[in-house]
Amino acid sequence: MIVTLEVNGERRTAEVAGWESLLWVLRERLGLTGAKDACQQGECGSCSVIFDGQLVCACLVMAADAEGAQVTTVEGLADATDLHPVQRAYVDEGAVQCGYCTPGLVVATAHLLTEHPDATPDEVREALAGNLCRCTGYGSVLRAVAAAQGASDPAGADREA
Ligand code: FES
Ligand code: FES
């Protein structure tokens with residue numbers, strides 16, 4: 001079947017099989033490999049994208065259900081000249097190690113701060129609870145979120161995640 005959707009502001013069309021997920025289509029059909037393919041079970045958050053305004057695991061969305069959808073991937077966050085503020089904060093706070101979880105965390109953080117720019121540290125922790133990272137220990141991630149919020153005191157960032 002043919003699926004047409006808007007990805008990062010561009011109209012894209014792909015021929016997809018019935019079993020294909022949105023994640024598969026983004027990566028294998030549309031060449032957008034930012035969303036990572038780790039667990040394929042909705043457990044790790046590495047494939048997080050914004051789908052019609054909602055944060056979703058792209059591995060759990062069937063491609064056929066993406067007809068007409070608006071999708072934002074990590075590739076759609078930066079503009080032509082600069083990183084998205086959340087991306088900048090992750091870099092500045094050293095919240096990127098192997099980087100496999102980073103696109104999902106960045107998309108989830110950007111979505112959270114769009115919806116709840118004043119999210120408390122506990123709300124941040126809850127919002128990012130579905131994004132697993134095996135490298136950073138989360139302290140630097142929480143500091144990055146606080147920095148992106150413009151917080152001078154990233155309260156709770158050094159608490160055990
Ligand atoms: S690959 Fe989608 S949640 Fe892990
Ligand atoms: S930076 Fe390696 S899994 Fe998060």
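Helix H3 (residues 102-115) lies across strands S3 (48-51) and S4, running at about 40° to S3. Axes here are lines fitted to C-alpha atoms, for helices over the stretch in contact, and angles run from 0 to 180 degrees between N-to-C directions. Helices (H or I, at least four residues) and strands (E, at least two) are DSSP runs, numbered from the N terminus.

Welcome to this structure. It is a predicted model, in which local features need pLDDT of at least 70, side-chain atom pairs count only at pLDDT 80 or more, and totals for chains, interfaces and linings use all residues. Residues are numbered from 1 along each chain as its sequence is written, while chains are lettered from A and ligands numbered from 1 in the order in which they are written.

**The whole chain**

The protein chain has five helices and five strands. Read from the N terminus, its elements follow the order β-β-α-β-β-β-α-α-α-α. Its C-alpha atoms fill a box of roughly 50 × 30 × 25 Å along the principal axes. The radius of gyration is 16 Å, which agrees with the value near 15 Å for a compact globule of 161 residues; it is taken over C-alpha atoms, and the globule rule is 2.2 Å times the number of residues to the power 0.38.

Of the 161 residues, 43% are buried. A residue counts as buried if 20 or more other C-beta atoms lie within 10 Å of its own, as exposed if 12 or fewer do, and as partly exposed in between, with C-beta atoms placed from the backbone. Two residues are in contact if their C-beta atoms, placed in that way, lie within 7 Å. Among contacts between residues at least 6 apart in sequence, 57% join residues at least 24 apart.

**The sheet**

Five strands make an open sheet with mixed pairing, in the order S2-S1-S5-S3-S4. S2 and S4 (54-57) are the edge strands, each pairing on one side only. From one strand to the next, the twist averages 40°. Two strands pair if DSSP finds at least two bridges between them, and these are some of the pairs:

| Strands | Sense | Bridges | A facing pair |
|---|---|---|---|
| S1 and S2 | antiparallel | six bridges | Ile2 and Glu15 |
| S1 and S5 | parallel | two bridges | Glu6 and Gln70 |
| S3 and S4 | antiparallel | four bridges | Phe51 and Gln54 |

S1 (residues 2-7) has two faces: Val3, Leu5 and Val7 point to one and are buried, whereas Ile2, Thr4 and Glu6 point to the other and are not. Val7 has Val71 in S5 as its bridge partner.

Two hairpins are worth finding. S1 and S2 (residues 10-15) form one with two residues between them, and Asn8 in its turn has a positive phi of about 55°. The hairpin of S3 and S4 also has two residues between the strands, and there Asp52 takes a positive phi near 50°.

**The enclosed helix**

Now turn to H5 (residues 139-149), which is largely enclosed by the rest of the structure, because 10 of its 11 residues are buried. Among them are Val141, Leu142, Arg143 and Gln149. The buried residues of H5 pack against H2 (85-92), H3 and H4 (121-127). Just after H5, Gly150 takes a positive phi of about 80°.
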